[in-house]
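Subject: Structure for you to look at

Hello,

Here is the structure I said I would pass on. Please open it before reading the notes underneath.

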Amino acid sequence: YKYSFGATERSIACMVISTRSDRNLGDKLHRGSLAAVFKRSSELHKAGNLVQAERGYRQILDTDPQHVQALFCLGQLMARQGKHGAAKRLFTSLTELRPQSEKAWAWLAQALEARGRVADAVDAYRAVIRINPGSATGNNRLGTLLFKLRRFDEAVAAFERAVELKPDYLEADVNRANTLFML
């Protein structure tokens, strides 16, 4: 019946072109595919397929070491897996690329604290507060770290600032009270 519409037969050919090793040229992703790979890696990350998500983020960073989104997501993944050294390196790179990113500084501070580098974490939380002076959480975390360093007067000031910013912030209020008790 198809021929009644005037159809004619013709051959269709397909060709597959690949490298000898069946790998990408230079063993890297093409820059044009990074957005799609990041989207898929993010979906895998959200679905809990962390090994595959990590592989995707790393492939993106092999091609573009300054891919901000991949740096952030891989840093989060490393931190949640307890690989705080790797997370610190990723968030340090991210803060160099985006020095005004409050989230990058906060995650860097957490990674530094987890590695026992409390004084460096204090500096990172000071950056968070410099970027967002209204961060009650940043002030509370700063106070907590200053308390660990036995800098009680500074800790009290940070806790008071957190409570001033968010009057119903119970954790900061309790931290302030405990610090005042220590004094």
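The notes below go through the core, the aromatic rings, two helices and a few single residues.

Please keep in mind that this is a predicted model.

Core

The largest nonpolar core has 44 residues. Within this core, Tyr57, Ile60, Leu74, Met78, Phe91 and Leu142 have the most contacts. At least two residues of the core come from each of helix 1 (34-47), helix 2 (50-63), helix 3 (68-80), helix 4 (84-97), helix 5 (102-114), helix 6 (118-131), helix 7 (136-148) and helix 8 (152-165). There is also a second, separate core of 5 residues, among them Ala136, Ala162, Val163 and Tyr169. As general background, nonpolar side chains in soluble globular proteins tend to be buried together.

Ile60 is a convenient residue to start from. Apart from neighbours within four places in sequence, Ile60 is in contact with Leu29, Leu34, Val37, Phe38, His67 and Ala70.

Aromatic rings

The structure holds 5 aromatic pairs. Two of them are described here.

Phe38 and Tyr57 form a tilted pair, with 6.0 Å centre to centre and 40 degrees between the planes. Phe38 belongs to helix 1 and Tyr57 to helix 2, so this pair ties together parts that are 19 residues apart in sequence. Both rings can be checked for burial: Phe38 counts as buried because its relative accessibility is 13%, and Tyr57 is buried with a relative accessible area of 1%.

Phe72 and Phe91 form an edge-to-face pair, 5.9 Å centre to centre, with 70 degrees between the planes. Since Phe72 lies in helix 3 and Phe91 in helix 4, this pair ties together parts that are 19 residues apart in sequence. Phe72 counts as buried at 17% relative accessibility, and Phe91 counts as buried at 0%. Phe72 and Phe91 form one aromatic cluster with Trp107.

One charged group is placed against a ring: Lys166 lies over the face of Tyr169, at 4.9 Å from the ring centre. Tyr169 is the residue already listed in the second core.

Helix 1

The 14 residues of helix 1 should span 20 Å at 1.5 Å a residue, and the end C-alpha atoms are 20 Å apart, which agrees. Which residues of helix 1 are buried? They are Leu34, Val37, Phe38, Ser41, Ser42, Leu44 and His45. These buried residues cover an arc of only 160 degrees around the axis, so they sit on the same side of helix 1. On the other side of helix 1, Ala35, Ala36, Lys39, Lys46 and Ala47 are exposed. The cover over the buried residues of helix 1 includes helix 2 and helix 3. After helix 1 comes Gly48, with a positive phi near 90 degrees.

Lys39 counts as exposed because its relative accessibility is 54%. The C-alpha atoms of Lys39 and Ser135 are separated by 30 Å, and these two residues are 96 residues apart along the chain.

Helix 2 also holds a residue to check: Glu54 is found there. Glu54 is buried, with a relative accessible area of 15%; the cut-off for buried is under 20%. Neighbours within four places in sequence aside, Glu54 is in contact with Leu74, Leu77, Met78 and Gln81. Leu74 and Met78 are also among the residues with the most contacts inside the largest core.

Helix 7

For helix 7, 13 residues at 1.5 Å a residue should span 18 Å; the end C-alpha atoms are 19 Å apart, which agrees. Ala136, Gly138, Asn139, Asn140, Leu142, Gly143, Thr144, Leu145 and Leu146 are buried in helix 7. What covers them includes helix 5, helix 6, helix 8 and helix 9 (170-182).

Just after helix 7, Arg150 takes a positive phi of about 65 degrees, although Arg150 is not a glycine. Most residues other than glycine have a negative phi. Arg150 is found in the loop between helix 7 and helix 8, and counts as exposed because its relative accessibility is 59%.

Regards

Conventions. Residues are numbered from 1 along each chain as its sequence is written. This is a predicted model: local features need pLDDT of at least 70, side-chain atom pairs count only at pLDDT 80 or more; totals for chains, interfaces and linings use all residues. Side-chain values use heavy atoms; hydrogens and water are left out. A nonpolar core is a set of buried Ala, Val, Leu, Ile, Met, Phe, Trp, Tyr and Cys residues joined through side-chain atoms within 4.5 Å. Buried means under 20% relative accessible area, exposed over 50%, partly exposed in between (1.4 Å probe, protein chains only). Helices (H or I, at least four residues) and strands (E, at least two) are DSSP runs, numbered from the N terminus. Contact means heavy atoms within 4.5 Å. Rings of Phe, Tyr and Trp (its six-membered ring) pair if their centres lie within 6.5 Å; planes under 30 degrees apart count as stacked, over 60 as edge-to-face and the rest as tilted. A charge sits over a ring if NZ of Lys or CZ of Arg is within 6 Å of the ring centre and within 35 degrees of the ring normal. The expected span of a helix is 1.5 Å times one less than its number of residues. The arc is that of the directions from the helix axis to the C-beta atoms.
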